[in-house]
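Visitor: I'm a first-year student and quite new to reading structures. Could you walk me through this one with a few questions and answers?

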Amino acid sequence: MIHPHTELQFISDEMGYGVVATQLIPKGTITWVQDKLDIVLTSGQIEEMSDFYKDILDIYTFRNNKGDYVLCWDHAKYVNHSFKSNCLTTPYDFEIAIRDIYPREQLTDDYGYLNVSRPFRAVYEGTRRRVVYPDDLLRYHKKWDHFISEAFARIPDVEQPLEEILPEETLKKIRNIHKGKEKLESILSCYFPAAGK
């Protein structure tokens, strides 16, 4: 489920639709949680589908660390890629704002951590990276871990509208990490080694 202070908007002919903040979403806010309504499909289930459905799923799903494909039930599936993303995924089936996201600003992910099946050239943003690769997690996890760690520290200090749908086990992990009883896992644990094969 995507953060409630968002809406779907048309962005451009090149990007299509995107998810836009309707009010300030502070750094450290959980912006998306994989919930019970999201659909998780195995590679085998997708293989049995026609090309019509495969094409849709290729656009609107991401792959988790088990190799399953996750199709978000709400407008979370329209979150666009950015090499300067303001959200990052965590090993706990939720995403977090790694900086303040302002009203009318898009919520964005770096698709490099979503286990894409093949490389693609992204919209130019003035960055050195121009192409998203299936193994980007292997290259950039340390940088992303740093951003996640900084944002994670703020979780208790900001409003968390999605907290009520987090599993109790996840809430316990968050509390233990803040108390120093557990170590924050690396985003590298989200990697599916067969991505791109």
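Visitor: At what angle does helix α2 run to β5?

Guide: Helix α2 covers residues 51-60 and lies across β4, β5 and β6; helices (H or I, at least four residues) and strands (E, at least two) are DSSP runs, numbered from the N terminus. This is a predicted model, where local features need pLDDT of at least 70, side-chain atom pairs count only at pLDDT 80 or more, and totals for chains, interfaces and linings use all residues. Residues are numbered from 1 along each chain as its sequence is written, and side-chain values use heavy atoms, without hydrogens and water. With axes as lines fitted to C-alpha atoms, for helices over the stretch in contact (heavy atoms within 4.5 Å), and angles from 0 to 180 degrees between N-to-C directions, α2 runs to β5 at about 70 degrees.

Visitor: Which strands stand at the edges of the sheet with β6?

Guide: Three strands form this open, antiparallel sheet, in the order β4-β6-β5; two strands pair if DSSP finds at least two bridges between them. Each edge strand has a single partner, so one side of it is left without a neighbour in the sheet. From one strand to the next the twist averages 30 degrees. The edges are β4 (39-41) and β5.

Visitor: What is the bridge partner of I39 in β6?

Guide: Strands β4 and β6 pair in the antiparallel sense, with three bridges. In β6, I39 has as its partner L71.

Visitor: How far is D68 from the nearest side chain of opposite charge?

Guide: D68 sits in the loop between β5 (61-63) and β6 (69-71), and beyond its neighbours within four places in sequence it is in contact with V40, L41, T42, F62 and R63. D68 is buried, meaning under 20% relative accessible area, with exposed over 50% and partly exposed in between (1.4 Å probe, protein chains only). D68 has no salt bridge, which would need a side-chain nitrogen of Lys or Arg within 4 Å of a carboxyl oxygen of Asp or Glu. Counting Lys and Arg as positive and Asp and Glu as negative, with His and the chain ends left out, the nearest opposite charge is K66, at 5.9 Å.

Visitor: In the sheet ordered β3-β9-β8, which are the edge strands?

Guide: This is another open sheet of three strands with antiparallel pairing. Each edge strand pairs on one side only, and they are β3 and β8.

Visitor: Which residue stands opposite T89 in β9?

Guide: Strand β8 (residues 87-89) joins β9 through three antiparallel bridges. In β9 (residues 94-97), F94 and I96 point one way and E95 and A97 the other, all of them buried. Opposite T89 stands E95.

Visitor: Is D93 buried or partly exposed?

Guide: D93 is in the turn of the β8-β9 hairpin, which has four residues between its strands. D93 has a positive phi of about 60 degrees although it is not a glycine. Most residues other than glycine have a negative phi. Because its relative accessibility is 44%, D93 counts as partly exposed.

Visitor: What is the relative accessibility of R104?

Guide: R104 lies in the loop between β9 and β10 (108-109), and its phi is positive, about 75 degrees, although it is not a glycine. R104 counts as exposed because its relative accessibility is 72%.
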